[in-house]
Structure formats: C-alpha cells, structure tokens
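The following exercises are to be worked through with the sequence and the structure in view. Each task is followed by a solution in steps.

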Amino acid sequence: NRFLGWIFVNPIMPDALDELERWKDTKGMIGVKIHPFWHRFSMEKFEALGRRIEELGLPLLVHLGFGAAGNYRWLFENFPDLKIIVAHLGVPFYKSLWSEIAANPNFYMDISSTYHVDEGLVRNAIRKVGAHKCLFGTDSPYAHTDAVAQIKKWVFNLPISDNDKEKI
C-alpha cells in the first residue's frame with residue numbers, strides 16, 4: 001500500500017504492446033513510463049503504444065532525449081488528451097517546454113532527480129507553471145541516497161504557500 005509503480009516499456013521492442021497488456025491490471029501499477037533517451041527511439045515510434053495507453057486512461061511519464069527522441073511537440077500535438085508527465089522538469093529542454101506544460105491541463109512535470117534538477121530550477125519551474133503542475137518524485141533507485149531529503153528540502157524552501165507545497 002506504500003509504493004506505486006510504472007510500467008516501463010520500450011516502444012521499439014516487438015512485444016511492447018504485449019508488455020503493457022501483461023502489467024496493466026497489476027495492483028499498484030498506475031501508469032506507463034517511456035525513456036526515448038535510454039532506448040534511443042524517435043517519439044513517432046511511440047504512436048501505437050500511446051494510442052493504447054490513451055484507451056486505457058493511464059498517464060504517461062516520459063524522460064525526453066535529444067533530437068527526435070526529444071520531440072515533445074510531436075508528443076503534445078498527437079496526444080493532447082493523454083495525461084503526460086515530463087520527467088526531471090523537462091531535461092534537456094527545461095524552460096523551452098514549460099510554457100506548453102502551463103498551457104495544457106493534461107501536461108505536468110516532475111521535480112525528481114538530484115542529477116538533472118536543482119533547487120534553482122525547481123523555483124523557476126514553480127514560478128512558470130505553478131505548483132499544481134509540478135509533481136514530487138525521487139528518481140529512485142537511480143538517485144543519490146539522500147535524494148528524498150534533498151528534494152523535500154527544495155520544496156520546503158520554496159517561497160510559496162503551504163497549500164501550494166501540499167499540491168507538489
């Protein structure tokens with residue numbers, strides 16, 4: 001009852017849709033994660049998997065890459081109704097996509113990771129998109145061992161209301 005997971009799927013694998021179907025009804029699985037940076041695929045390769053995720057009503061967590069693997073505009077344009085969480089405040093784009101996240105009610109970002117994110121970026125992101133669009137996360141087990149404490153400290157230090165901190 002404490003931990004919730006994401007189905008981590010590589011859309012370019014032949015069994016990607018089967019993998020989603022295998023895990024979608026597992027207790028505690030709340031969404032799907034893709035990682036175009038690690039798996040080296042262009043965003044367009046996500047289309048079939050994305051349509052199925054959309055049908056299931058699951059949210060998507062995406063760690064963007066560079067070039068075609070970071071084409072968030074294609075993702076946003078083709079899936080405007082899909083709840084999309086962009087990992088690590090949008091690394092490597094950060095500020096260039098924040099206005100699009102702010103403008104669409106279905107787009108969010110997380111503040112996880114002590115590798116890609118720092119306190120200054122979190123402050124700027126909250127100012128640009130609002131606390132209601134930024135989700136707390138740790139990036140564990142990949143994060144530093146003190147990531148939870150570090151990221152909590154960033155949130156507690158924000159010059160925003162306690163209500164907005166609770167939203168995060």
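**Exercise 1. Helix α6**

Which residues are buried in α6?

*Solution.* The model is a predicted one, in which local features require pLDDT of at least 70 and side-chain atom pairs count only at pLDDT 80 or more, while totals for chains, interfaces and linings use all residues. Residues are numbered from 1 along each chain as its sequence is written, and side-chain values use heavy atoms, with hydrogens and water left out.

Step 1. Fix the terms. Buried stands for under 20% relative accessible area, exposed for over 50%, and partly exposed for values in between, with a 1.4 Å probe and protein chains only. Helices (H or I, at least four residues) and strands (E, at least two) are DSSP runs, numbered from the N terminus.

Step 2. List the residues. L121, V122, A125, I126 and V129 are buried in α6.

Step 3. Examine their directions. These residues lie on the same side of α6, because they cover an arc of only 135° around the axis; the arc is that of the directions from the helix axis to the C-beta atoms.

Step 4. Identify the partners. The buried residues of α6 pack against α5, β5, β6 (134-135) and α7. Contact here means heavy atoms within 4.5 Å.

Step 5. Take one residue of the helix. A125 has a relative accessible area of 0% and is buried. Not counting residues up to four places away in sequence, A125 touches L89, W98, M109, G130 and C134. From A125 to M109 the C-alpha distance is 9.1 Å, at a separation of 16 residues in sequence.

**Exercise 2. The packing of α5 and α6**

Describe how α5 and α6 pack, and classify the residues of their contact.

*Solution.*

Step 1. Obtain the geometry. The axes of α5 and α6 are 9 Å apart, and the packing angle is about 35°. Axes are lines fitted to C-alpha atoms, for helices over the stretch in contact, and angles run from 0 to 180 degrees between N-to-C directions.

Step 2. Assign the hand. α5 and α6 cross in a right-handed manner. A crossing is right-handed if the near helix is turned clockwise from the far one by less than a right angle, and left-handed if anticlockwise.

Step 3. List the two sides. From α5 come K95, W98, S99, I101 and A102, which meet L121, N124, A125, K128 and V129 of α6.

Step 4. Classify. The contact of α5 with α6 comprises 6 nonpolar, 2 polar and 2 charged residues. Ala, Val, Leu, Ile, Met, Phe, Trp, Tyr, Cys and Pro count as nonpolar, Asp, Glu, Lys and Arg as charged, and the others, Gly among them, as polar.

**Exercise 3. The packing of α1 and α3**

What is the relative orientation of α1 and α3?

*Solution.*

Step 1. Read the angle. Helix α1 (residues 16-23) and helix α3 (residues 47-56) have axes that come within 9 Å and cross at roughly 20°.

Step 2. Apply the classes. Angles under 35 degrees count as roughly parallel, over 145 as roughly antiparallel, 65 to 115 as roughly perpendicular and the rest as oblique. α1 and α3 are therefore roughly parallel to each other. Their crossing is right-handed.

Step 3. List and classify the contact. In α1, A16, L17, L20 and E21 meet A48, L49, R52, I53 and L56 of α3. Of the residues in the contact of α1 with α3, 7 are nonpolar, none is polar and 2 are charged.

**Exercise 4. Helix α7**

Which residues of α7 are buried, and which are exposed on the other side?

*Solution.*

Step 1. Find the buried residues. Helix α7 (residues 147-156) has A147, I151, W154 and V155 buried. Because they cover an arc of only 100° around the axis, they are on the same side of α7.

Step 2. Turn to the other side. There, A149 and F156 of α7 are exposed.

Step 3. Name the partners. The buried residues of α7 pack against α6 (119-129) and α8 (162-167).

**Exercise 5. The loop between β4 and α5**

Identify the backbone exceptions in this loop.

*Solution.*

Step 1. Recall the general pattern. Most residues other than glycine have a negative phi, and most peptide bonds are trans.

Step 2. Inspect phi. H88, in the loop between β4 and α5, has a positive phi near 55°. Y94, in the loop between β4 and α5, has a positive phi of about 40°. H88 is buried at a relative accessible area of 3%, and Y94 counts as buried at 18%.

Step 3. Inspect omega. V91 and P92 are joined by a cis peptide bond, with omega about 5°.
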